[in-house]
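Here is a short report on a single protein chain. Please look over the sequence and the model before reading on.

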Amino acid sequence: MAAEQTTAVVLRTIPFSETSLVVTLLTRDFGQVAALAKGARRPKSSFEGSLDLLAVCRVVLIRKSSDALDLLTEAKLQRRFRGAEKSLDRVYAGYYIAEMLRLLTDNHDPHPGLYDLTLDALGQIDGKGNSALALLGFDTSALRLLGHAPATRRCVDCGGRVGDSPRIAFAPIAGGVVCRDCRPRQHSLLTVSGETIDHLERLLAPHTRLPIELPSSVYREMRGLINRYIQAILGSIPKMQPYLPARMEPVE
């Protein structure tokens, strides 16, 4: 099979033998792939430094047509993740993005927009961006790009428009806002401010430039809502979710 080139973000590495690794990558052209990097654990390997977690690389893959692992033959480092040089919170933020990409994407299902979003979010976390807002922007945009955007204006039960109200019901399991009449039929409801729903709708818009500024109270409420919504989609709590910022750090 012919070798193919693309760019990739390293999401996970697992020892395969004394000398090799199985590497999970998010690639721009092929989606998530699992590939065998032969000899990657050897001293002075040609992969040295390029397969660190969240590194961005130019890779060469020999793709398999079956369920067998792809073969990673080359990886040239383009950008290293340096969150550890700044703070533990930024390390956790990067780990969270890697976990969410593994959980939300399927093998060999490319989403170039999601790949570009990932690079942008990692750049903010790695630099001087507000990591709390970067993660919230990543989550909302990733949900939209992958077809999981929650309903923000029409009731997910009856389809009727949810009017303006100081407090609005949100049903994570059902997938969005719920009108007053349909609330009794829903389980595990959250109630959030109308302002939070307005900002959520803004974050979900395709052409919103991220990150956007949010009042602290809105951030806390929306972070809790998105956490619960992601749990409902996945059916479990992501391991890194408890380490997300509970509040926004001051913008540098």
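How far apart do the C-alpha centres of domain 1 and domain 2 lie? The distance between these centres is 30 Å. The structure is a predicted model.

## Two domains

The domain assignment splits the protein chain into domain 1, residues 1-80, and domain 2, residues 87-251. The two domains touch. On the domain 1 side, 21 residues are in contact. They meet 19 residues of domain 2.

## A cavity between the domains

How many cavities of 30 Å³ or more does a search of the whole structure find? The search finds 1. The volume of the largest cavity is about 30 Å³.

Where does the largest cavity lie? It lies between domain 1 and domain 2, because both domains give residues to its lining. The lining includes Leu-26, Thr-27, Gly-31 and Gln-32. Thr-105, Asp-109, Pro-110, His-111, Leu-114 and Tyr-115 also line the cavity.

Three elements each supply at least two residues of this lining. They are strand β2 (21-27), strand β3 (31-37) and helix α2 (112-126). By residue class, the lining of the largest cavity holds 4 nonpolar, 5 polar and 1 charged.

## The β7-β6-β8 sheet

Now to a sheet further along the chain. It is open and has 3 strands, in the order β7-β6-β8. Their pairing is antiparallel. Strands β7 (176-178) and β8 (190-193) form the edges, and each pairs on one side only. From one strand to the next, the twist averages 50 degrees.

Strand β6 covers residues 167-171. Over how many bridges do β6 and β7 pair? There are 3 bridges, and the sense is antiparallel. Within this part of the sheet, Phe-170 stands opposite Val-177 of β7.

## Helices on the sheet

Two helices are described here against this sheet. Helix α4 spans residues 194-204 and lies across β6, β7 and β8. It runs at about 85 degrees to β8.

Helix α5, residues 216-234, packs on the sheet as well. Which strands does α5 touch? It touches β6 and β8. The direction of α5 makes about 145 degrees with that of β8.

## In brief

Domain 1 and domain 2 have C-alpha centres 30 Å apart, and the largest cavity lies between the two domains. The sheet β7-β6-β8 is open and antiparallel. Helix α4 lies across its strands, and helix α5 packs on the sheet, touching β6 and β8.

Technical notes. Residues numbered from 1 in each chain as written. Predicted model: local features only at pLDDT ≥ 70, side-chain atom pairs only at ≥ 80, totals over all residues. Heavy atoms only, no water. Pairing = 2+ DSSP bridges. Helix = DSSP H or I, 4+ residues; strand = E, 2+ residues; numbered from the N terminus. Axes fitted to C-alpha atoms, helices over the stretch in contact; angles between N-to-C directions. Contact = heavy atoms within 4.5 Å. 1 Å grid on protein atoms, 1.4 Å probe; cavity = no way out; pocket = protein on both sides within 12 Å on 5 of 7 lines; lining within 4 Å. Points joined across faces, edges and corners; volume = space filled by probe spheres on them. Nonpolar A, V, L, I, M, F, W, Y, C, P; charged D, E, K, R; others polar. Domains from an automatic or database assignment.
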